[in-house]
Amino acid sequence: RYADVSGLAVGHLGGSQEMKRLCVIPGDGIGHEVVPSAVRVLERLMPSLQVTEAEAGWECFQRHGCSVPDTTLKLMREYGAGLFGAVSSPAHRVEGYRSAILTLRQDLKLSVSLRPVRSWPGLSTRMDVNLLILRENSEGLYVGHEHMASADMAIAERHISRQASEHVAQRAAEVARLRDSQRITLVHKANVLPLTCGLFRDSCRNVLAAEGLAGLVDERLVDVAALQLIERPQDFDLLVTTNLFGDILSDLACYWSGGLGLAPSLNWGRGIAIAEPVHGSAPDIAGSGKANPLAAILSAALLLRYHWHAGLLADQLERAVELLLTELSVAELGDQTTDIIERELLKRL
């Protein structure tokens, strides 16, 4: 599905043998189990990888009073690449606490989220799905501007900017060339939100037209897109949408690739990126050895492909995962899932 276009998919790291550096942030819960597995897989592919660990998350907040220390942000800016595990969240409002992953996304300007959904043997109920959702990752309702207009009325602001919309569209053009996409679907609700969704849609269309991709572009209202992702997921290729819509649609679509527990993602900025498995911290199984590391491992593959431009290494890793799932029933691994998957995957690399 991938093409060597614009120097993006190359056998080595950006065509060079330069040493890459990775800031590893296990976070909370099973992050401390799945992230080390993903790091060891990356080190098998890139023996010269330099790895440094940093703190972030709810446990970090409980220790230090902040969910993402300045030292972590500084290290991420210096290294340019990160692997984040999982984050727990308190069940009620805690004064001074701010979500670690939202802090990382906003402070590091990781303004695009990339979520692939593909059929995997042994996990998917159909084998013809291969789509990718690009989500604007920095604004929309997630700017967190809420206030009480009265005792009976709460108001939240939705921010959509031309700059952020154009940036996600530019990323979409890069990804479309890399995937050799045949279709780019803009997802919005401009019939109800003509100013915000209209600005998003028009900004994206203009960028994609300037990139010579206008002929690939179509549109879907978000409710129709949700229905068709269930009815005809094989018809989609590359979807581009706003923050909240993308959050919901990507969680819905990942049903076809094994569910949230196996969903990878990449938080993508300009010269900086953090790979992040979508699953949570799973405190009910933390420390048991049952956590499946494949979401973290496949997130590392996204870091290889889209940030480090190591397309052939990403292909090698994803082929090894496919081979493992063809030959091994993940559902029958029992209490040592983490160790068994890592060991069996390393055999196939």
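With the whole chain on screen, start from its overall dimensions: for 349 residues a compact globule would have a radius of gyration near 20 Å, and the protein, which is a predicted model, has 20 Å, so the two agree. Turning the C-alpha trace onto its principal axes, you will find that it spans about 50 × 50 × 40 Å. Colouring by secondary structure brings up 11 helices and 12 strands.

Before selecting individual residues, it is worth keeping a few totals in mind. Of the 349 residues, 54% count as buried, and among the contacts with a separation of 6 or more, 75% are made by residues 24 or more positions apart. If you display the surface, the exposed area is about 14800 Å², of which carbon and sulfur atoms supply 51%. Colouring by charge shows 34 positive and 42 negative side chains, with the centres of the two sets lying 3 Å apart.

**Stop one: the aromatic cluster**

Select the aromatic side chains next; a search of the whole structure finds 5 aromatic pairs. Centre the view on Phe61 and Tyr97, whose ring centres are 5.2 Å apart and whose planes meet at 80°, so that the pair is edge-to-face. This pair links distant parts of the chain, since Phe61 belongs to helix H2 (residues 58-64) while Tyr97 sits in the loop between strand E3 (81-86) and helix H4 (100-107), 36 residues apart. Are these two residues buried or exposed? Phe61 is buried, with a relative accessible area of 12%, and Tyr97, at 16% relative accessibility, counts as buried as well. Add Trp58 to the selection, and you have the cluster into which ring pairs link Trp58, Phe61 and Tyr97.

**Stop two: helix H4**

From Tyr97, follow the chain into H4 and select Ala100, Ile101, Thr103, Leu104 and Arg105, which are the buried residues of this helix. Which elements cover them? The cover includes strand E1 (21-27), helix H3 (70-79), E3, strand E5 (130-136), strand E11 (266-268) and strand E12 (273-275), and showing these elements one by one around H4 lets you see the arrangement. Just beyond the helix, look at the backbone of Lys109, which follows H4 and has a positive phi, near 55°.

**Stop three: strand E5**

Strand E5, which appeared among the cover of H4, is the next selection, and two of its leucines deserve a separate look.

- Leu132, found in strand E5, counts as buried at 1% relative accessibility. Its C-alpha atom lies 7.1 Å from that of Leu114, from which Leu132 is 18 residues apart in sequence. With residues up to four places away in sequence left out, Leu132 touches Leu114, Arg115, Pro116, Val175, Arg179, Asp237, Leu238, Leu239 and Tyr306.
- Leu134, also in strand E5, is buried with a relative accessible area of 0%. Draw a distance from its C-alpha atom to that of Val175, and the separation is 9.2 Å, for two residues that are 41 residues apart along the chain. On the same counting, which leaves out residues up to four places away in sequence, Leu134 touches Val112, Ser113, Leu114, Val168, Arg171, Ala172, Val175, Leu238, Leu239, Val240 and Thr241.

If you keep both selections visible, Leu114, Val175, Leu238 and Leu239 can be picked out among the contacts of Leu132 and again among those of Leu134.

**Stop four: two loops with positive phi**

Now switch to a backbone view and select Ala282, which lies in the loop between E12 and helix H9 (294-307). Although Ala282 is not a glycine, its phi is positive, at about 45°, and the residue is partly exposed, with a relative accessible area of 21%. Passing along H9 to its other side, select His309, whose place is in the loop between H9 and helix H10 (311-327). His309 is likewise not a glycine and has a positive phi of about 55°; its relative accessible area is 28%, and it is partly exposed.

**Last stop: Thr337**

Finish with Thr337, which lies in helix H11 (residues 337-348). This threonine is buried, with a relative accessible area of 6%. What does Thr337 touch, not counting residues up to four places away in sequence? Select Gly289, Lys290, Ala291, Asn292 and Pro293, and you will have the residues that Thr337 touches on that counting.

Methods
Residues numbered from 1 in each chain as written. Predicted model: local features only at pLDDT ≥ 70, side-chain atom pairs only at ≥ 80, totals over all residues. Heavy atoms only, no water. Helix = DSSP H or I, 4+ residues; strand = E, 2+ residues; numbered from the N terminus. Rg over C-alpha atoms; globule rule 2.2 N^0.38 Å. Buried < 20%, exposed > 50% of the residue type's maximum accessible area, 1.4 Å probe, protein only. Contact = heavy atoms within 4.5 Å. Areas by Shrake-Rupley, 256 points an atom, 1.4 Å probe, with all protein chains shown as cover. Lys, Arg positive; Asp, Glu negative; His and termini not counted. Charge placed at Lys NZ, Arg CZ, Asp CG, Glu CD. Phe/Tyr/Trp six-rings, centres within 6.5 Å; stacked < 30°, edge-to-face > 60°.
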